[in-house]
Amino acid sequence: MPDIIAVLDFGSQYTQVIARRIREADVLSRIYPYNTKVKILKENGVKGIILSGGPSSVLLADSPRPDEAIFKLGIPVLGICYGEQLIAHMLGGKVAKSARREFGHGNLSIRKKGKLFTGLPKVLRVWNSHGDRLEKLPWGFEAVASTENSPYATIQDSKRNFYGIQFHPEVAHSEMGMEVLANFLFKICKCKAEWSMANYIEESIAQIRNSVGKKRVILGLSGGVDSSVAAALIHLAIGRQLTCVFVDNGLLRLNEREQVEKLYGDHFDLDLRVAKKSSLFLSRLKGVYDPEKKRKIIGNTFVEVFEQEVKKLKKKGDYAFLAQGTLYPDVIESVSIDGNPAALIKSHHNVGGLPKKMKLELLEPLRELFKDEVRELGSELGLPKEVVWRQPFPGPGLGVRVMGPIVKKDLDVLRKADAILQEEMISAGLYYKVWQSFCVFLPVKTVGVMGDERTYENVVALRIVESIDAMTADWARVPYEVIRTISSRIINEVNGCNRVVLDISSKPPSTIEWE
Ligand code: XMP
């Protein structure tokens with residue numbers, strides 16, 4: 001069993017980031033509710049405890065507190081931000097409202113030797129985000145570092161191995177934050193760097209088996225990265241107790257359904273049900289112009305179809321769980337679940353919603369992971385690169401890439417053009433470098449000439465963008481030679497399209513999708 005660090009969650013937006021940084025250092029981290037009893041931490045053999053930040057103030061009587069016995073366990077404790085104030089407050093120091101909130105960058109001056117800063121420079125640029133500040137040290141503590149606004153930006157009691165830091169070492173804005181955490185893990189807690197994604201798989205398998213027992217699980221497989229990795233992981237744990245439902249809504253890319261059937265049904269030997277509902281979706285979308293209306297129709301029809309499939313399955317077997325590939329970034333936007341004291345930022349379509357009506361319990365084995373970790377996990381589970389590194393594809397699929405009312409004939413033109421674009425992007429080594437590359441079908445006919453014939457056909461636009469998180473994007477500077485090949489292949493090989501145009505708009509003010 002690798003060494004474990006317990007992160008007690010006081011509701012910081014960064015709790016999962018702390019856990020992730022620890023995993024990056026190849027140490028196992030587990031997030032526990034803030035009030036977890038010491039008995040449980042002891043049973044789990046944790047080697048150190050981190051108290052996360054949080055939105056509350058220790059000055060409030062009902063603010064969240066850890067089990068006081070953590071200070072008697074004899075293992076190191078590191079408090080970050082609210083966590084530092086907890087240590088000070090609970091061990092006899094004094095915390096007060098600061099006249100000035102300290103938010104953003106600050107300069108941390110390290111004044112005394114301390115294990116947390118072993119091997120680090122004397123001044124570090126760090127990220128702060130707090131209102132209260134420490135005014136008096138608790139007994140046995142000394143101040144190690146200060147910022148412009150906090151004389152006690154880092155405190156320590158090196159005899160008992162208690163440490164408190166006011167800044168956030170886990171965020172990328174804190175210079176050498178990773179090194180500070182690593183010093184806690186290796187110099188103070190004496191952890192060994194033995195954890196890997198393979199351990200994560202082992203542990204998840206045990207957890208999934210333990211919660212599912214002999215019951216059955218349903219998962220909506222979209223073919224995207226998250227649901228694919230969740231399916232592969234759960235399948236490894238419980239085999240054919242897992243049933244995946246794939247809905248063919250008629251708005252998929254060329255041969256997409258066949259690829260899913262081949263990979264999951266044949267290769268992974270997954271119990272895969274395909275709901276072929278193309279005509280239902282297309283009939284409901286008939287004549288609909290408005291993009292938001294299209295989204296609503298596609299979304300509602302999906303829920304309806306999925307519910308029918310669940311009903312059918314429940315008649316046949318003891319299905320008790322709905323699995324979802326929810327990731328941490330989905331969760332952070334919907335916190336306040338599980339008694340997490342973090343303030344609700346916004347609700348997310350991937351979290352909650354579906355299961356209540358279907359009377360299924362949620363199973364979310366990826367909810368502590370970040371996207372890049374999910375990709376690593378997917379590779380470890382043997383999913384092919386095309387799945388693990390696939391570009392994002394919107395839920396409403398090609399429904400928002402055929403402008404205006406959707407007709408099957410136009411979808412077919414779009415599918416063929418899009419397949420050529422992807423093929424050429426892959427062969428030019430660009431598919432995995434850009435954020436998204438896709439075609440858009442325009443309901444505009446233009447005149448062309450092919451051989452001696454006049455043609456009057458539709459226009460296809462190429463949308464190829466670079467982005468980090470889809471919030472902003474820029475059109476990718478794909479070499480003209482590659483654009484030329486794509487354009488000429490589409491016009492020559494796809495009946496129904498005689499003109500290709502290139503979208504050179506950035507986001508903002510344009511969006512990535514056209515609808
Ligand atoms: P926009 O067009 O808003 O897209 O710049 C940002 C990212 O979100 C994807 N997208 C969607 N994904 N349902 C989804 O699941 C949708 O309705 C939807 N609309 C846009 C888009 O592909 C891009 O990655």
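At 26% relative accessibility, D412 counts as partly exposed, where buried means under 20% relative accessible area, exposed over 50%, and partly exposed anything in between (1.4 Å probe, protein chains only). The model is a predicted one, so local features need pLDDT of at least 70 and side-chain atom pairs count only at pLDDT 80 or more, while totals for chains, interfaces and linings use all residues. Residues are numbered from 1 along each chain as its sequence is written, and side-chain values use heavy atoms, with hydrogens and water left out.

D412 has a partner: its side chain meets that of R415 in a salt bridge, 3.0 Å from N to O. A salt bridge here is a side-chain nitrogen of Lys or Arg within 4 Å of a carboxyl oxygen of Asp or Glu. Both R415 and D412 belong to helix α14 (residues 408–427), where they sit three residues apart, about one turn of the helix. Helices (H or I, at least four residues) and strands (E, at least two) are DSSP runs, numbered from the N terminus. While D412 is partly exposed, R415 is buried, with a relative accessible area of 13%.

Something similar turns up in helix α9 (residues 291–316). There, K312 forms a salt bridge with E309, and the closest N and O atoms are 3.1 Å apart. Again the two partners are three residues apart in one helix, about one turn. K312 is partly exposed at 47% relative accessible area, whereas E309, at 8%, is buried.

Helix α9 also reaches out to a distant part of the chain. The side chains of K294 and E515 meet in a salt bridge, 2.8 Å from N to O. K294 lies in α9 and E515 in the segment after β18 (497–502), so this pair ties together parts that are 221 residues apart in sequence. Both K294 and E515 are buried. Elsewhere, R20, R21, E24 and D372 are linked in a network of salt bridges. Counted by this rule, the salt bridges come to 32.

Next comes the ligand. The residues around it are R295, P394, G395, P396, W435, Q436, A470, K507, T511, I512 and E513, each having a heavy atom within 4 Å of the ligand. This shell divides into five nonpolar, three polar and three charged residues. For that split, Ala, Val, Leu, Ile, Met, Phe, Trp, Tyr, Cys and Pro count as nonpolar, Asp, Glu, Lys and Arg as charged, and the others, Gly among them, as polar.

Some of these neighbours put N or O atoms next to ligand oxygens. The side chain of K507 has an N or O atom 2.7 Å from a ligand oxygen. For Q436, also through the side chain, the distance is 2.9 Å. I512 takes part through its backbone instead, with an N or O atom 2.8 Å from a ligand oxygen. Taken alone, the ligand exposes 490 Å², and the protein buries 71% of that; these areas come from the Shrake-Rupley method with a 1.4 Å probe, and for residues only the protein chains shown count as cover.

Now for strand β4 (residues 77–80), which is covered on both faces: V77 and G79 on one side, L78 and I80 on the other, are all buried. In a regular strand the side chains alternate between the two faces of the sheet. Strand β4 pairs in the parallel sense with β3 (residues 46–51) over three bridges, and I49 stands opposite V77. Strand β4 also runs parallel to β9 (residues 162–165), joined by four bridges, with Y163 in β9 as the bridge partner of L78. Two strands pair if DSSP finds at least two bridges between them.

Helix α3 (residues 82–90) is largely enclosed by the rest of the structure, because eight of its nine residues are buried. Among them are Y82, E84, Q85 and M90. Just after α3, G92 takes a positive phi of about 100 degrees.

Two buried spots remain. Q156, in strand β8 (residues 154–157), has only 3% relative accessibility. Its side chain makes a polar contact with the side chain of E142 at 2.8 Å. Such a contact is a pair of N or O atoms within 3.5 Å; within protein, one must be able to donate a hydrogen and the other to accept it, and residues adjacent in sequence count only if both atoms are side-chain atoms. The backbone oxygen of K113 lies 3.4 Å from a polar atom of the Q156 side chain. S57, in the loop between β3 and β4, is buried at 11%. Its C-alpha atom is 8.3 Å from that of G131, 74 residues away along the chain.
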